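User: I would like to go through the labels used for this model and see what each rests on. Please set the values against the cut-offs.

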Amino acid sequence: MGGGAAHPGHGHGGDGGPLDVWLPALALVGCAAAYALAVRRARRRHPARRRPPLARSLSFAAGLVLVAVALLPPLAPFAHEDFRGHMAQHLLLGMYAPLALVLAAPVTLLLRALPPDHGRRLTAVLRSRPARLLAHPVTALLLTTGGLVLLYFTPVYDATMGHPGRHWLTHAHFLLSGWLFAYVIAGPDPAPARPGVPARLVVLGVAIAAHAVIAQLMYGGFWVEVHAPIAEVRGGAEIMYYGGDLAELLLAAALVTTWRPVRTPRNPHGPPVRPVRRPREGIRAARALPKSR
């Protein structure tokens, strides 16, 4: 952690001119249009079903707005000049925006919008062994937390700041790994390999502890490979510590609201009756798909 050194590659990491504004803006508009088209097709294919909840559309829109705030001015230029701006970007892309996008249930919407044959293929992919491994909470935890360790405690951060392509790959990693973690922890979409709520709460607790330790190490300057003024690094650590806590509390709240514990019926004249387990979300989604004739 440099005592007064500026970021290496300032003005190069993402300052590519108008393209750095127009490309993400066009991508976000395309995502919004694709979501609206999927909603329209889902209504046409299933007119008897009630329309997708408005709250999910609003949640998707909120996620896109958060991504826009992170990638567009004024935050984006500030993030290239100040580590605190970078950390604000990281929280928006890696924690807040993914949660809003996940709560919109885009996979469920896609299953309803696709033709039956394509829907069954997508369900088969979601239930495949590689998808089960990728969508396991421990895998998502390693991708998110491990990415932070690799970025801030190795020379990777300085390397990404000096190279536009690597810088955008870092943004993509934040967004995708954050989406995966929010999806496996509290997503309403089908996830056949998703464990029970208690196990997911444990993984979330480990993530909270890991983020706190990383932020504290960064604030103290231990093993940090970020060449920026000390005040900026400490300010970024504080943003990670407090902003990350809030995001994880929101994720925990989303998880708890989806928890439907199975109550064991009481038998006054004998031992408790064992409840019948409900099928998991992914199995229910697969059974709900219409069969081709």
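**Helix α11 and its neighbours**

Analyst: In this predicted model, the buried residues of α11 are V197, R200, V203, L204, A207, A210, H211, A212, I214, A215 and M218.

User: What makes a residue such as V197 or M218 count as buried?

Analyst: Buried means under 20% relative accessible area. V197 and M218 are among the residues of α11 that are buried, so their values lie under 20%.

User: Which helices do the buried residues of α11 pack against?

Analyst: The partners are α4 (83-103), α8 (137-152), α10 (164-186) and α12 (230-257). A contact here requires heavy atoms within 4.5 Å.

User: How do you know that the length of α11 agrees with its number of residues?

Analyst: Helix α11 covers residues 197-220, which is 24 residues, and at 1.5 Å a residue these should span 34 Å. The end C-alpha atoms are 35 Å apart, so the two values agree. Just after α11, G221 has a positive phi of about 80°.

**Helix α1 and its two partners**

User: Why are α1 and α2 called roughly antiparallel?

Analyst: The axes of α1 and α2 (residues 54-71) cross at roughly 175° and come within 10 Å. Angles over 145 degrees count as roughly antiparallel, and the pair is therefore given that label. On the α1 side the contact is made by D20, P24, L28, C31, A32, Y35 and V39, and on the α2 side by R56, S57, F60, L64, V67, A68 and L71. These residues divide into eleven nonpolar, one polar and two charged.

User: Why are α1 and α5 called oblique?

Analyst: Helix α1 (residues 19-45) and helix α5 (residues 106-113) have axes that cross at roughly 50° and come within 8 Å. Roughly parallel needs an angle under 35 degrees, and roughly perpendicular needs 65 to 115. The angle of roughly 50° fits neither range, and α1 and α5 are therefore oblique to each other. Their crossing is left-handed.

User: Which residues make the contact of α1 with α5, and how do they divide by type?

Analyst: Helix α1 contributes Y35, A38, V39, R41, A42 and R45, while α5 contributes L109, R112 and A113. The division is six nonpolar, no polar and three charged.

**The protein overall**

User: How many helices and strands does the protein have?

Analyst: There are 13 helices and zero strands.

User: What share of the protein is buried, and what share of the contacts joins residues at least 24 apart?

Analyst: Of the 293 residues, 41% are buried. Among contacts between residues at least 6 apart in sequence, 78% join residues at least 24 apart.

Technical notes:
Residues are numbered from 1 along each chain as its sequence is written. This is a predicted model: local features need pLDDT of at least 70, side-chain atom pairs count only at pLDDT 80 or more; totals for chains, interfaces and linings use all residues. Side-chain values use heavy atoms; hydrogens and water are left out. Axes are lines fitted to C-alpha atoms, for helices over the stretch in contact, and angles run from 0 to 180 degrees between N-to-C directions. Helices (H or I, at least four residues) and strands (E, at least two) are DSSP runs, numbered from the N terminus. A crossing is left-handed if the near helix is turned anticlockwise from the far one by less than a right angle, and right-handed if clockwise. Ala, Val, Leu, Ile, Met, Phe, Trp, Tyr, Cys and Pro count as nonpolar, Asp, Glu, Lys and Arg as charged, and the others, Gly among them, as polar. The expected span of a helix is 1.5 Å times one less than its number of residues. Buried means under 20% relative accessible area, exposed over 50%, partly exposed in between (1.4 Å probe, protein chains only).
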